[in-house]
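This report describes two neighbouring positions in a strand and the sheet around them.

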Amino acid sequence: VKLWDVRTGDCISTLPAHSDPVTGVDLNRDGTCIVSGSHDGLIRIWDTATAECLKTIYAQSNPPVSMVRYSPNGKYVLAGTLDGKLRLWQTTAFNNNA
């Protein structure tokens, strides 16, 4: 996952996100965090300022992730997985920035 400066077109950071293809990313409303999901079954929350992985979450059976989204208020992350399920996590349980 790469973060780009839209004004200059420069890559400002590369996140060592996942071991398999990334299938979804989303930015929270204030731009302080990114969520990424992948076929490796992992969902990661990133700090955009430091490029630090704040939390890695996954479902019990670790199915491949097909999409991720922040809720409009940034308090939840929704993930769709290839086992046909939608899963919802509360971001405030593990991240004060989200």
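Buried means a relative accessible area under 20%, exposed means over 50%, and partly exposed lies in between (1.4 Å probe, protein chains only). The model is predicted, so local features need pLDDT of at least 70 and side-chain atom pairs count only at pLDDT 80 or more, while totals for chains, interfaces and linings use all residues. Residues are numbered from 1 along each chain as its sequence is written, and side-chain values use heavy atoms, with hydrogens and water left out.

V35 lies in strand β4, residues 33–38, and S36 is placed in β4 as well; strands are DSSP runs of E with at least two residues, numbered from the N terminus.

| Residue | Relative accessible area | State |
|---|---|---|
| V35 | 0% | buried |
| S36 | 0% | buried |

Contact means heavy atoms within 4.5 Å. Beyond four places in sequence, the contacts of V35 include I43, I45, V68, Y70 and V77. With the same kind of neighbours left aside, S36 touches residues including V1, A17, H18 and L42. The side chains of S36 and W46 also form a polar contact of 3.0 Å, that is, a pair of N or O atoms within 3.5 Å, one able to donate a hydrogen and the other to accept it.

The open sheet has four strands in the order β3-β4-β5-β6, with antiparallel pairing; two strands pair if DSSP finds at least two bridges between them. Because β3 (22–27) and β6 (53–57) each have a single partner strand, one side of each is left without a neighbour in the sheet. Five bridges join β4 to the antiparallel β5 (residues 43–47), where I43 is the bridge partner of G37.
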